[in-house]
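Let's walk through this one from the inside out, starting with the greasy parts and finishing with the charged ones. Have the model open as you read.

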Amino acid sequence: MDKIVKYFPNLSDIQRQQLEALDVLYRDWNAKINVISRKDIDNLYEHHVLHSLAISKMISFNSGTQILDFGTGGGFPGIPLAIMFPECRFKLIDGTGKKIMVAQEIAKSIGLKNCQAVQLRGEDEREKYDFIVSRAVMPLPDLVKIVKKNISKRQQNAFPNGIICLKGGDIQAETRPFRHIVEVADISQWFKEEWFKQKYCIYLPL
């Protein structure tokens, strides 16, 4: 949690309380349903919460923005982002019911009112959103095919509507088809921990 406060010193008391509560909640749920690798649960704040919040370093969503977290698993990046942007609406979807149940229970436990978690495949999502966010779910061209139907025509942010995803390693092949419009930000410019080297935040307007 110290790392979160270091990079986000202006959190409100409520945001701080909600973020602090995640540790016990995820440990408890992870013991029953494996949503985070058991070896990685001690790195919850660095590898999952802070990683999710890299998106908020790339774009600050305006009040009223509608965001879909595609393939949320146990709630990443959606839950940390919903804490960070309480005036925005988040829908978290995943095809695995157990993982969605964990996301639902954690959102309820911390009193997150702007976040809805639903068991749903991306292909079956019909609503429109300003942004789609995801964390290493599938190659970018495959993701674009599924979610382009869900991008709203109404613009209300400094960035045009589109996809923002978190990826690691060699991303050249999957960004090449969009090379004229894609923006790739190196997360290590924002967060100095070693783990963030070769981790990227990718923005693709659609």
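A nonpolar core, as the term is used here, is a set of buried Ala, Val, Leu, Ile, Met, Phe, Trp, Tyr and Cys residues joined through side-chain atoms within 4.5 Å. Keep in mind that what you are looking at is a predicted model.

With that in hand, look for the largest nonpolar core, which has 55 residues. Which of its residues touch the most other members? They are Ile4, Leu22, Tyr26, Phe61 and Ile79. As for the elements that build this core, H3 gives the most, with eight residues. Apart from this core there is a second, separate one of 19 residues, and Leu68, Ile146, Val147 and Ile151 are among its members. As a general backdrop, nonpolar side chains in soluble globular proteins tend to be buried together.

Leu22 is a good place to zoom in. If you set aside its neighbours within four places in sequence, Leu22 is in contact with Leu44, Tyr45, Val49, Ile79, Ile83, Ile106 and Ile110. Ile79 turns up here again, having already been named with Leu22 among the residues that touch the most other core members.

Now for the charges. Side chains of opposite charge can pair when their charged atoms come close. In this model there are 14 salt bridges.

Take Glu46 and Lys3, whose closest N and O atoms are 2.4 Å apart. Glu46 sits in helix H3 (residues 44-58) and Lys3 in helix H1 (residues 2-7), so their salt bridge ties together parts that are 43 residues apart in sequence. Is Glu46 buried or exposed? Glu46 is buried, at 12% relative accessible area, while its partner Lys3 is partly exposed at 31%.

Helix H2 (residues 13-32) offers a more local kind of pairing. Asp23 bridges to Arg27, with 3.1 Å between the closest N and O atoms; the two are four residues apart in H2, so about one helical turn separates them. Asp23 is partly exposed at 23%, and Arg27 is partly exposed too, at 36%.

Further along in H2, Lys32 forms a salt bridge with Asp28, and here the closest N and O atoms are 3.6 Å apart. Lys32 and Asp28 are again four residues apart, or about one helical turn. Lys32 counts as exposed, with 52% relative accessibility, whereas Asp28 is partly exposed at 40%.

One last stop: Arg89, Lys91, Glu125 and Glu127 are joined in a network of salt bridges.

How values were computed. Residues are numbered from 1 along each chain as its sequence is written. This is a predicted model: local features need pLDDT of at least 70, side-chain atom pairs count only at pLDDT 80 or more; totals for chains, interfaces and linings use all residues. Side-chain values use heavy atoms; hydrogens and water are left out. A salt bridge is a side-chain nitrogen of Lys or Arg within 4 Å of a carboxyl oxygen of Asp or Glu. Buried means under 20% relative accessible area, exposed over 50%, partly exposed in between (1.4 Å probe, protein chains only). Contact means heavy atoms within 4.5 Å.
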